[in-house]
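Subject: The model, plus what turned up in it

Hi,

Here is the structure I promised to pass on. Have a look at it first, and then read on for my notes.

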Amino acid sequence: MSDALQTLRQRIDAVDDELLRLLAQRARLAQEVGRLKQGNLFYRPEREAQVLRRIKAANPGPLSDEAVARLFREIMSACLALEQPLRVAYLGPPGTFSQAAAVKHFGHAAQTVDCPSIDDVFRQAEAGMVDYAVVPVENSTEGAIGRTLDLLLDTSLKICGETVVRVHQCLLRREPVREGIERIYSHPQSLAQCHEWLNQHLPGVARVPVSSNAEAARLAAAEPQAAAIAGEMAAEIYGLTLLERNIEDDPNNTTRFLVLGRHDAAPSGQDKTSLVMSAPNRPGAVYELLGPFARHGVSMTKLESRPSGTALWDYVFYVDVEGHREEEPVARSLSELKNLASLLKVLGSYPVAVL
Ligand SMILES: O=C(O)C(=O)C[C@]1(C(=O)O)C=C[C@@H](O)C=C1
């Protein structure tokens, strides 16, 4: 080993020792916070968002803001696990983008619990079998996830966070070559998202829709002539070779997930409030529902309508606005809306996704 290399590695070792000492100091402080919180909520989404935002703003480089935020996410995850280990339900099986979303939001110290359906994810959290739930709510190419919106209408759970995952699809196979693939398994949405790539690179190969990308990976692991389209994490879990990365036709393909718990979040300084409302059946009623937000200068970031499920042509509106329900402009808008809407349910106020 050259002298220069040896010296640099010695200096890295010294920095690592110092980092370790500081991490232990941070973990002990978090334990003290945990003792103060006894009987209260341990997971504090607003505080975590503030820590990550502060770190990104203070980042001197050369690591990217994203990289330092990911590191601090894991540090907080490990510190929180000392206070209270968390269980988080997601739409399984293991290896789905929902699991990636749960890990991205809570870090690797949280225990993720796979559920067979979105209904089951809600049920597990409602019944207190898990502490939090992570559910997909919208995709940039496919639009709203209807089942999640429908379940939000009746649940006792509150939205306490959001996270956004870039959906990068990969071609996975047991054999390390592209030749000889006879069929490709994937979720119908993923097959659709990779339509052009498949036409160009694997024309004539049968596309077989299955219930999830992870299920596709599981099947491909058992069949030498098959391949799967799934996320990178499925390759490791199911022992497959990653033949091609980023084969989705739209490179910005993104899914937004909601974090649900039995509480929402305190104001973090940069928040969203989600609500669902419906208008009485008379001319101009829907228009009037939007008035309070306009009058109080509250920006709307999403408006989605769904059949109410009660009467024909009766709709409910899912709305996201900027700001926290405890902050004056949103609070005033909501109190005016109470008199205008035939249904008004605040689904939660929560920090805007940082990572
Ligand atoms: O500040 C707190 O309330 C803590 O418990 C500490 C800490 C952290 O590691 O910074 C850990 C968990 C919480 O979700 C938020 C922050």
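A quick definition before the numbers: a cavity here is a set of grid points where a 1.4 Å probe fits but cannot get out, and its volume is the space filled by probe spheres set on those points. Keep in mind that this is a predicted model.

**Cavities**

By that definition, the structure holds three cavities of 30 Å³ or more. The largest of them comes out at about 170 Å³. It is lined by 17 residues, and those closest to its centre are Arg73, His105, Glu162, Ala353 and Val354. Helices α2 (45–58) and α4, along with strand β5 (158–166), each put at least two residues into that lining. If you sort the lining by class, you get 10 nonpolar, three polar and four charged residues. Domain 1 (26–84) and domain 2 (86–167 + 254–261) each contribute at least three residues to the wall of this cavity.

The second largest cavity holds about 70 Å³ of space. Its lining has 13 residues, with Ser77, Leu80, Leu86, Phe106 and Ala110 the closest to the centre. Helix α3 (residues 65–83) gives the largest share of that lining, five residues. Here the split is nine nonpolar, two polar and two charged. Where does the second largest cavity lie with respect to the domains? Domain 1 and domain 2 both give residues to its lining, so it lies between them.

**The largest pocket**

Now for the open space. The largest pocket has about 510 Å³. Of its 22 lining residues, Leu91, Ser98, Pro136, His187 and Gln189 are the closest to the centre. At least two lining residues come from each of α4, β3 (132–139), α7 (188–193) and β11 (254–261), and α7 supplies the largest share, three residues. As for the classes, this lining has nine nonpolar and 13 polar residues, and no charged ones. The pocket lies between domain 2 and domain 3 (170–244), because both of them give residues to its lining.

**Helix α4**

You will have noticed α4 in the linings of both the largest cavity and the largest pocket, so I looked at the helix itself. Is α4 mostly buried or exposed? Taking buried as under 20% relative accessible area, eight of the 10 residues of α4 (residues 97–106) are buried, so the helix is largely enclosed by the rest of the structure. The buried ones are Phe97, Ser98, Gln99, Ala101, Ala102, Val103, His105 and Phe106. Three of those names should be familiar: His105 from the largest cavity, Phe106 from the second largest cavity and Ser98 from the largest pocket. Right after the helix comes Gly107, with a positive phi near 80°.

**A four-stranded sheet**

Last item. There is an open sheet of four strands, in the order β13-β14-β12-β15, with antiparallel pairing. β13 (300–307) and β15 (343–351) are the edge strands, each pairing on one side only. On average, neighbouring strands of the sheet are turned by 15° against each other, direction ignored. β13 runs antiparallel to β14 (residues 315–322), and seven bridges join the two. To find that pairing on screen, look for Arg306, which stands opposite Val316 in β14.

Over to you!

Methods:
Residues numbered from 1 in each chain as written. Predicted model: local features only at pLDDT ≥ 70, side-chain atom pairs only at ≥ 80, totals over all residues. Heavy atoms only, no water. Buried < 20%, exposed > 50% of the residue type's maximum accessible area, 1.4 Å probe, protein only. Pairing = 2+ DSSP bridges. Axes fitted to C-alpha atoms, helices over the stretch in contact; angles between N-to-C directions. 1 Å grid on protein atoms, 1.4 Å probe; cavity = no way out; pocket = protein on both sides within 12 Å on 5 of 7 lines; lining within 4 Å. Nonpolar A, V, L, I, M, F, W, Y, C, P; charged D, E, K, R; others polar. Domains from an automatic or database assignment.
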